[in-house]
Amino acid sequence: MEYVLQTKELCKQYRHGRALDGLTMSVPKGSVYGLIGKNGAGKTTLIQILCGLQRPSAGSFTLYGAAAGPELARARRRMGAMVETPSLYPDRTAAGNLALQNRVLGLPDDGNIPGLLRLVGLENTGSKTVRGFSLGMRQRLGIALALCGSPDFLVLDEPTNGLDPQGIIEMRELILKLNREHQITVLISSHMLDELSRLATRYGFIDNGRMIREISAEEFARTGRRRIRLTLSDTRPLARVLDEMGLEYKILSPTQADVYGHPNVARLTRALDEASCKLQEIREKDETLESYFLALVGGDRRA
Ligand code: ATP
């Protein structure tokens, strides 16, 4: 497999603590890589190191195989990033902001602006200044800015933060379009795990500056624990029945319980019937990214 980014034992030590503690990860070419971690796990520090805004205290990384010097500087030109809210000039139009970005990057004004505006769905904003843009429009303009140098690796830190449902859908469609139609590899950090699960082809779970697990979306779908939610007249006899069958379960309320794994449903129904426990509903549920994450790192949901 070809990798756009590989980090090896990356560390970042601040005076009062470690933001990264031996982080090793690999982002395959063509993937949408979802980086998942609680607040303070080290996601932003990692992204800042990749962008050259911070230096690692130890460890190394390669971008398109380049580790240092002019080669790394060249590889960085193939990367675009949007870290949290983009810095925009509010009194300029979308096109005006892009023209400035071209100038900052030393790019010729080669007529890329109308194409970029079309790509992010801002082609009809005309003379409207950014001051009047919705948050969703600003975020999409931020992505257009990150795309100015025609990168094929895009790094997005919390791109859906604060967006309304419509804005979230537009952002999702844009990221999918960039990945599928323009072959851009995307590294995206997000707290919105449900949203991330609609996009990502690979996940990296990071905790206390370390990579806890990397897993492809396919592998996650195949191996994620499945649950069956039972609604019953009374869960009291249920524990005995499930214990006898050797199943893993969780009683949720006096009338609901989750059973994990792949139980033999016909046998379970029969056993419940014999215990005079009336089954009212049975529903299959796949494990969510959130419950997988919580099982991995434990604690509160603060991803
Ligand atoms: P969030 O989701 O809240 O943005 P994160 O995963 O991006 O969190 P980081 O911002 O990378 O986490 O922070 C990792 C750890 O490093 C935190 O404990 C943070 O307080 C600390 N940290 C980050 N930047 C600095 C800094 N400049 N100086 C000192 N400590 C820092």
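**Group meeting: the ligand site, the cores and two buried residues**

Okay, let's start at the ligand. The residues around it are Tyr-14, Ala-19, Lys-38, Asn-39, Gly-40, Ala-41, Gly-42, Lys-43, Thr-44, Thr-45 and His-191. Keep in mind that this is a predicted model.

If you sort that shell by class, you get six polar residues, three nonpolar ones and two charged ones. And which element gives the largest share of the shell? That's helix 1, residues 43–51, with three residues.

Now the polar contacts, and I'll go through three of them. The side chain of Asn-39 has an N or O atom 2.9 Å from an oxygen atom of the ligand. With Ala-41 the backbone does the job: an N or O atom there is 3.1 Å from a ligand oxygen. Then there's His-191, where a polar side-chain atom sits 3.5 Å from an oxygen of the ligand. As for cover, the ligand on its own exposes 640 Å², and the protein buries 58% of that.

Let me zoom out for a moment. The protein has 303 residues, and 46% of them count as buried. On the secondary structure side, we have eleven helices and 13 strands. Put a box around the C-alpha atoms along the principal axes and you get roughly 80 × 45 × 35 Å. The accessible surface is about 15500 Å², with 46% of that belonging to carbon and sulfur atoms. For the contact-map people: take contacts between residues at least 6 apart in sequence, and 69% of them join residues at least 24 apart.

So what about the inside? The largest nonpolar core has 46 residues, and Leu-98, Leu-141 and Ile-143 have the most contacts inside it. Let me pick Ile-143. Leaving out neighbours within four places in sequence, Ile-143 is in contact with Met-82, Val-120, Leu-154, Leu-156, Met-171, Leu-174 and Leu-178. There's also a second, separate core of 25 residues, and that one includes Tyr-33, Leu-50, Met-79 and Phe-153.

Phe-153 comes up again with my next residue, Thr-185, since the two are in contact. Thr-185 is in strand 7, residues 185–189. Is Thr-185 buried or exposed? Its relative accessibility is 1%, so Thr-185 counts as buried. Beyond four places in sequence, Thr-185 touches ten residues you can click through: Val-4, Val-27, Pro-28, Lys-29, Gly-30, Ser-31, Asp-152, Phe-153, Leu-154 and Asn-179. With Gly-30 there's a polar pair as well, as a polar atom of the Thr-185 side chain is 2.8 Å from the backbone nitrogen of Gly-30.

Last stop, the region around helix 10. Pro-263 is in the loop between strand 12, 256–260, and helix 10. Why does Pro-263 count as buried? Because its relative accessibility is 11%, and the cut-off for buried is under 20%. Not counting residues up to four places away in sequence, Pro-263 touches Ile-228 and Leu-247. If you want a distance to check, Pro-263 and Arg-213 are 27 Å apart, C-alpha to C-alpha, with their positions 50 residues apart in sequence.

Step along to Asn-264, at the start of helix 10, which covers residues 265–274. A side-chain oxygen of Asn-264 comes within 3.2 Å of the backbone nitrogen of Ala-266. Just after helix 10, Ser-276 has a positive phi, about 60 degrees.

That's what I have, so over to you.

Terms used. Residues numbered from 1 in each chain as written. Predicted model: local features only at pLDDT ≥ 70, side-chain atom pairs only at ≥ 80, totals over all residues. Heavy atoms only, no water. Near = heavy atom within 4 Å. Polar contact = N/O pair within 3.5 Å; in protein donor to acceptor, adjacent residues only side chain to side chain. Areas by Shrake-Rupley, 256 points an atom, 1.4 Å probe, with all protein chains shown as cover. Helix = DSSP H or I, 4+ residues; strand = E, 2+ residues; numbered from the N terminus. Nonpolar A, V, L, I, M, F, W, Y, C, P; charged D, E, K, R; others polar. Core = buried A, V, L, I, M, F, W, Y, C linked by side-chain atoms within 4.5 Å. Buried < 20%, exposed > 50% of the residue type's maximum accessible area, 1.4 Å probe, protein only. Contact = heavy atoms within 4.5 Å.
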